[in-house]
Amino acid sequence: MARLGLAVACALVLCGCGSEPPLGVARGKVTYKGAAVPEGSVLFTDDSQGVAFVCDLERDGTFAFQVARGHGLPPGTYQVAVQPPRGNKPSMEMVAPVTVDPDKYPMIPKKYHDGKTSGLTATVRPGANEPFVFEMN
């Protein structure tokens with residue numbers, strides 16, 4: 001019985017169970033002057049944690065983050081940027097980046113391309129969160 005207890009304890013240490021906080025649901029909508037932004041991406045950056053997460057917008061302007069361990073993001077306060085569509089989607093291959101002309105996307109003004117100038121923030125708490133709504137003018 002003692003061996004079983006030791007095996008369980010070792011398994012918990014090795015798998016890191018409980019070492020990461022639960023994810024927080026991070027979903028919402030991006031609009032420009034009241035209209036849904038049909039293409040682009042949302043970038044959540046938390047410099048204090050040294051992390052950044054990107055999510056493509058759906059045609060109706062909605063987004064929903066998902067990371068390797070599930071739906072949502074680690075809790076934290078994020079600076080938010082809205083950017084024109086990414087040229088290349090992430091892949092395992094070495095691919096030269098495609099340059100996207102930001103002037104071709106008037107529904108995403110340049111000030112919103114960077115979380116430091118956008119004025120947009122999001123606080124993600126563990127578990128359920130109200131949908132984030134980012135209105136650009």
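**Exercise 1. Determine which residue of β8 stands opposite Val42, and then place the two strands concerned in their sheet.**

Solution. In this predicted model, the residue of β8 that stands opposite Val42 is Val82. A further pair of this kind is formed by Thr45, which has Gln79 of β8 opposite. The next step is to look at the strands as wholes: β3, covering residues 41-46, and β8, covering residues 76-83, run antiparallel and are joined by five bridges. On its way to the next strand, β8 also pairs with β9, again in the antiparallel sense and over five bridges, and here Gly76 has Val124 of β9 as its bridge partner. Putting these pairings together gives an open sheet of four strands, in the order β4-β3-β8-β9, with antiparallel pairing.

**Exercise 2. Explain which strands stand at the edges of this sheet, and state what the twist averages from one strand to the next.**

Solution. Begin from the strand order, β4-β3-β8-β9, in which the sheet is open. The edges are held by β4 (51-56) and β9 (120-124), and because each has a single partner strand, one side of each is left without a neighbour in the sheet. From one strand to the next, the twist averages 30 degrees.

**Exercise 3. Find how many salt bridges the model contains, and describe which parts of the chain each of them links.**

Solution. Side chains of opposite charge can pair when their charged atoms come close. With a cut-off of 4 Å between a side-chain nitrogen of Lys or Arg and a carboxyl oxygen of Asp or Glu, the count comes to two salt bridges.

Take Arg69 and Glu20, whose side chains meet at 3.0 Å, N to O. Arg69 lies in the loop between β6 (66-67) and β7 (70-71), whereas Glu20 lies in the loop between α1 (2-15) and β1 (27-32), so that this pair links distant parts of the chain, 49 residues apart. As for its surroundings, Arg69 is partly exposed, with a relative accessible area of 39%.

Now take Asp47 and Lys116, whose side chains form a salt bridge at 3.2 Å, N to O. Since Asp47 belongs to the loop between β3 and β4 and Lys116 to helix α2 (residues 115-118), the pair ties together parts that are 69 residues apart in sequence. Lys116 has a relative accessibility of 58% and therefore counts as exposed, the limit for that class being over 50%.

Note on methods: Residues are numbered from 1 along each chain as its sequence is written. This is a predicted model: local features need pLDDT of at least 70, side-chain atom pairs count only at pLDDT 80 or more; totals for chains, interfaces and linings use all residues. Side-chain values use heavy atoms; hydrogens and water are left out. Two strands pair if DSSP finds at least two bridges between them. Axes are lines fitted to C-alpha atoms, for helices over the stretch in contact, and angles run from 0 to 180 degrees between N-to-C directions. Buried means under 20% relative accessible area, exposed over 50%, partly exposed in between (1.4 Å probe, protein chains only).
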